[in-house]
Structures are given as C-alpha cells and as structure tokens.
Amino acid sequence: MVAAEAAGKAGGDTRACGGHISAETRVNERIRAPEVRLVGPKGEQIGIVSINEALRLAQEADLDLVEVAPTARPPVAKLMDYGKFKYESAVKARESRKNQTQTIVKEIKLRPKIDPHDYGTKKGHVERFLKAGDKVKVTIMFRGREQSRPELGFRLLQKLADDVNELGFVESQPKQDGRNMIMVIGPHRKKTEAKAEARADRNAQAAAQQQQVPSQRSEAAPAPTDA
C-alpha cells in the first residue's frame with residue numbers, strides 16, 4: 001500500500017469526488033468509522049462497505065484509503081495514491097499563489113483649487129501608481145464655501161482622468177461622498193504585467209552596466225611603453 005501516514009494529518013481544501021478533504025484528513029488505519037461509503041480511484045461508486053473490507057481493497061490496489069467526507073453518514077472514503085495527491089495539490093497551490101496578485105488601491109487627495117505645481121506633483125504620483133499596476137482612489141476635499149461648488153471638483157477629476165488616460169481608465173465615475181468627491185482610476189495593465197516589465201528593465205540595465213565595465217577598464221589601461 002502506498003504509505004501516506006506521515007501526511008495523514010496534513011490536508012487542504014481540495015474536493016475529491018464530492019467530498020471535502022479536511023485539515024485533519026484520516027488515512028488508512030486512522031479512519032475510525034466501522035464502515036464507509038467507498039469511492040473507487042476513478043470516481044466510481046462502490047457502495048457502503050466495512051472499514052476492513054475497504055482497507056483490503058486499498059491494499060490489493062496498492063492505494064491508500066482516504067476519508068474525504070468525514071461528516072457524512074457513513075463517512076465517504078476514496079481509494080487513491082495519497083502521496084501523489086498531496087504533491088499535485090501542493091503544486092497547484094503554488095501555481096495559484098504565483099498567479100494571484102493583490103489588488104492595491106492607492107489614494108491621492110486634492111483640493112478643488114490646487115495650484116498647477118502641486119497638481120503636477122499629484123498627477124506624477126497617479127502615473128507612478130498606474131504604471132505599477134495599482135488602482136488609484138482620487139479624493140477631492142471640499143472645505144467651507146467650496147462645498148457649494150461641486151463642479152470645481154468634477155472638472156478637476158475629469159482633467160486628471162484625461163491627463164493619465166494613456167495609463168489608466170475611470171473605473172468609478174466621480175461621486176459625492178459627504179464633503180468629498182471620489183473617483184477611482186484603474187490601470188490598463190495588470191500588476192503582473194507591470195512587474196514583469198519592471199523586472200525586464202532592471203535586467204537590461206544590469207546587463208548594460210556589465211558591458212560598460214570592461215570597456216572602462218580597457219580605456220583606463222596604460223599604453224605599453226618602449227623599453
């Protein structure tokens with residue numbers, strides 16, 4: 001029988017044949033139920049059998065008996081190569097984490113009567129965030145009498161959206177939120193693409209620097225002198 005006792009208490013959220021492999025997966029002799037609803041290695045329903053019969057079938061097939069639905073009555077168990085199952089599950093989990101990207105929302109706050117220099121600085125921040133693949137929440141803060149002029153904030157947000165439209169798009173249109181007006185700009189590129197491009201740029205710069213070093217050394221080398 002394929003030994004999986006060491007991994008018997010390890011588990012995941014993977015479903016097998018309709019059953020849930022819990023964090024306390026019981027395998028082979030660790031299964032306590034007197035009988036189980038047995039599922040074959042290809043998903044075929046064998047039926048309700050005693051635990052001894054299930055273990056015998058597992059041994060004959062050189063497989064493990066894995067409890068996949070412990071809360072069922074009787075519990076559901078499946079014949080499988082548990083070591084292979086755990087390895088494939090771990091590979092899938094790593095691939096899933098590799099492909100996942102955490103969505104980060106940056107925030108920029110503006111005043112409706114912001115001066116051109118400050119606006120340029122804030123716009124630069126928005127462009128940097130979008131290039132990195134992050135969303136940007138732009139907040140216009142109104143104070144005092146400015147609250148009676150929401151069109152000032154709306155025009156400013158529209159201007160900003162137009163200025164950065166090559167890098168991002170308006171994901172959430174401007175809307176009033178108490179004393180503030182909020183708009184969300186999303187990047188055209190995914191974060192994974194932005195990271196890949198940044199990594200490629202760093203590699204290219206490193207390669208260029210390495211090529212420059214030998215040439216600088218050759219230029220610095222003293223010319224040979226006649227004896």
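Are Tyr82 and Phe85 buried or exposed? Both are buried. This is a predicted model. Tyr82 and Phe85 form a stacked aromatic pair, and the structure holds one such pair. Elsewhere, the briefing covers an open sheet of four strands, the pairing around strand S10, two nonpolar cores and some backbone geometry.

**Aromatic pair**

- The structure holds one aromatic pair.
- Tyr82 and Phe85 are its members, with ring centres 6.0 Å apart and 20° between the planes.
- The planes count as stacked because the angle of 20° is under 30 degrees.
- Helix H2 (residues 82–99) carries both Tyr82 and Phe85.
- Three residues separate Tyr82 from Phe85 along the chain, about one turn of the helix.

**Four-stranded open sheet**

- The strand order is S4-S3-S6-S5, and the pairing is mixed.
- Strand S4 (45–50) and strand S5 (64–69) are the edge strands. Each has a single partner strand, so one side of each is left without a neighbour in the sheet.
- From one strand to the next, the twist averages 35°.
- Strand S3 (residues 35–39) and strand S6 (residues 76–80) run parallel, joined by three bridges.
- Within this part of the sheet, Val39 stands opposite Lys78 in S6.
- Helix H1 (residues 51–60) lies across S3, S4, S5 and S6. H1 runs at about 125° to S4.

**Strand S10 and its partners**

- Strand S10 covers residues 180–187, and seven of its eight residues are buried. S10 is therefore largely enclosed by the rest of the structure.
- Strand S8 (residues 135–141) pairs with S10 in the antiparallel sense, over six bridges.
- Lys137 stands opposite Val184 in S10.
- Strand S9 (residues 168–177) also runs antiparallel to S10, with seven bridges between them.
- Gly168 stands opposite Pro187 in S10.
- The hairpin of S9 and S10 has two residues between the strands. In this hairpin, Gly178 takes a positive phi near 65°.

**Nonpolar cores**

- In soluble globular proteins, nonpolar side chains tend to be buried together.
- The largest nonpolar core has 18 residues.
- Leu110, Val126, Val136, Val138, Ile140, Leu160 and Ile185 touch the most other members of that core.
- Strand S7 (105–110), helix H3 (116–131), S8, H4 and S10 each supply at least two residues of this core.
- Another core, of twelve residues, lies apart from the largest one. Ile51, Leu55, Ala58 and Leu79 are among its members.
- Which residues are in contact with Ile185, leaving aside its neighbours within four places in sequence? They are Val126, Leu130, Lys135, Val136, Val138, Leu160, Val164, Gly168, Phe169 and Glu171.

**Backbone geometry**

- Most residues other than glycine have a negative phi, and most peptide bonds are trans.
- Asn28 has a positive phi of about 55°, although it is not a glycine.
- Asn28 sits in the loop between strand S2 (19–20) and S3. At 1% relative accessibility, Asn28 counts as buried, since the cut-off is under 20%.
- Asp62 likewise has a positive phi of about 55° without being a glycine.
- Asp62 belongs to the loop between H1 and S5. Its relative accessibility is 44%, so Asp62 counts as partly exposed.
- Arg73 and Pro74 are joined by a cis peptide bond, with omega about -5°.
- Pro74 lies in the loop between S5 and S6.

**Around Glu151**

- Glu151 lies in helix H4 (residues 150–163).
- Glu151 is partly exposed, with a relative accessible area of 31%.
- The side chains of Glu151 and Arg149 are joined by a polar contact of 2.4 Å.
- Pro112 is 39 residues from Glu151 along the chain, and their C-alpha atoms are separated by 9.2 Å.

Notes. Residues numbered from 1 in each chain as written. Predicted model: local features only at pLDDT ≥ 70, side-chain atom pairs only at ≥ 80, totals over all residues. Heavy atoms only, no water. Buried < 20%, exposed > 50% of the residue type's maximum accessible area, 1.4 Å probe, protein only. Pairing = 2+ DSSP bridges. Polar contact = N/O pair within 3.5 Å; in protein donor to acceptor, adjacent residues only side chain to side chain. Axes fitted to C-alpha atoms, helices over the stretch in contact; angles between N-to-C directions. Contact = heavy atoms within 4.5 Å. Phe/Tyr/Trp six-rings, centres within 6.5 Å; stacked < 30°, edge-to-face > 60°. Core = buried A, V, L, I, M, F, W, Y, C linked by side-chain atoms within 4.5 Å.
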